[in-house]
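Let's take a friendly walk through one helix, its neighbours and a nearby loop. Have the model open and follow along.

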Amino acid sequence: DIMAVSKYNSKFVSSLSTTLQLVLEFPSTSNVSFKPVTLDSMRLLEFKLVRAYHALPPALYSQAHSHLLRMVSSLMLDGPTTSLLPKLLHSDDVSLGPWGIGLDGVEEALLEAFEPVGLDASVVWTAKPEFASFATIKATNVRVVDVSVQLFAVLFVAQSDKNRLQLLTHVNQCIKDATTNTTRASMQTNAMCSMFLITKQLSRSRTPVGKGEVLTAIQKFIHPFIADADTALRRASCEALGMLCRSEGDSVTNNLVRSIAELVKKPAKDVMPSARAGA
């Protein structure tokens, strides 16, 4: 039975690898003009492929890691803002926000959603638990970003320190090179969401990143968001730093507590309200 399962897994991964090569050969949408139905089909194939890989242990497809990281990092940084972040935050802190938009806001959002979507075949419908009688639109390009954020986190943890540092440098450079504030904000949210998932994995397994450039780079990326004006990003940063402390131990925890204590001790006029809230 074990041999049969292993053989099936090998065939399945081989099929995924073939599909991955096909997706990687897609021409850039910025260079080629596609019909909407073609774009929808491309996005749907990317979503199904990334989700399939995410469902498997990374060790089964280790030879595909570099190609997958290239693909999911591009999808994560070039796509719209992920919808995952609010759902990942600890439910005990829900009173801190971001808060629901209310019934009137849901109705307004639904009405607005119909206009740009039109007859988009890629749109799927899901029901929010708090508004079970209302349907909310979630387009495939957002779903692609969601699964890409998740797979990037899984693959990041499976990499060597050298590769981890290269990935962090690449993400930071892409955010720095963003041409508009809107694009930069989406990149930051998506990357922070993936970093949240990375620290969550490390915390659960009690696996330290270890001393060195990688740990420093992770902290430098996460720490500034504790002062972000966006409540979700601020909460994600705080939770991620907490999980990092859990996986790294006393040294990181003590340094973080000291830096936060210094921030809190400053006069209120010298500290942004968002930074004080994060601390």
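Contact here means heavy atoms within 4.5 Å. Helices are DSSP runs (H or I, at least four residues), numbered from the N terminus. The model is predicted, so local features need pLDDT of at least 70 and side-chain atom pairs count only at pLDDT 80 or more, while totals for chains, interfaces and linings use all residues. Residues are numbered from 1 along each chain as its sequence is written, and side-chain values use heavy atoms, leaving out hydrogens and water.

The buried residues of α7 pack against four helices, listed here with their residue ranges.

| Helix packed against α7 | Residues |
|---|---|
| α3 | 65-78 |
| α6 | 140-157 |
| α8 | 181-205 |
| α9 | 213-222 |

Which residues of α7 are buried (under 20% relative accessible area, 1.4 Å probe, protein chains only)? They are R164, L167, L168, V171 and I175. Seen down the axis of α7, these fall within an arc of 95° (taken from the directions from the helix axis to the C-beta atoms), so they line one face of the helix. On the other side, K162 and K176 are exposed (over 50%).

Now to α6 and α8, which pack at an angle of about 45° with their axes 8 Å apart. The contact includes V145 and F152 of α6 and C193 and L197 of α8.

Finally, R206 lies in the loop between α8 and α9. Its phi is near 55°, a positive value in a residue other than glycine. Most residues other than glycine have a negative phi. At 52% relative accessibility, R206 counts as exposed.

How values were computed:
Helices (H or I, at least four residues) and strands (E, at least two) are DSSP runs, numbered from the N terminus. Axes are lines fitted to C-alpha atoms, for helices over the stretch in contact, and angles run from 0 to 180 degrees between N-to-C directions.
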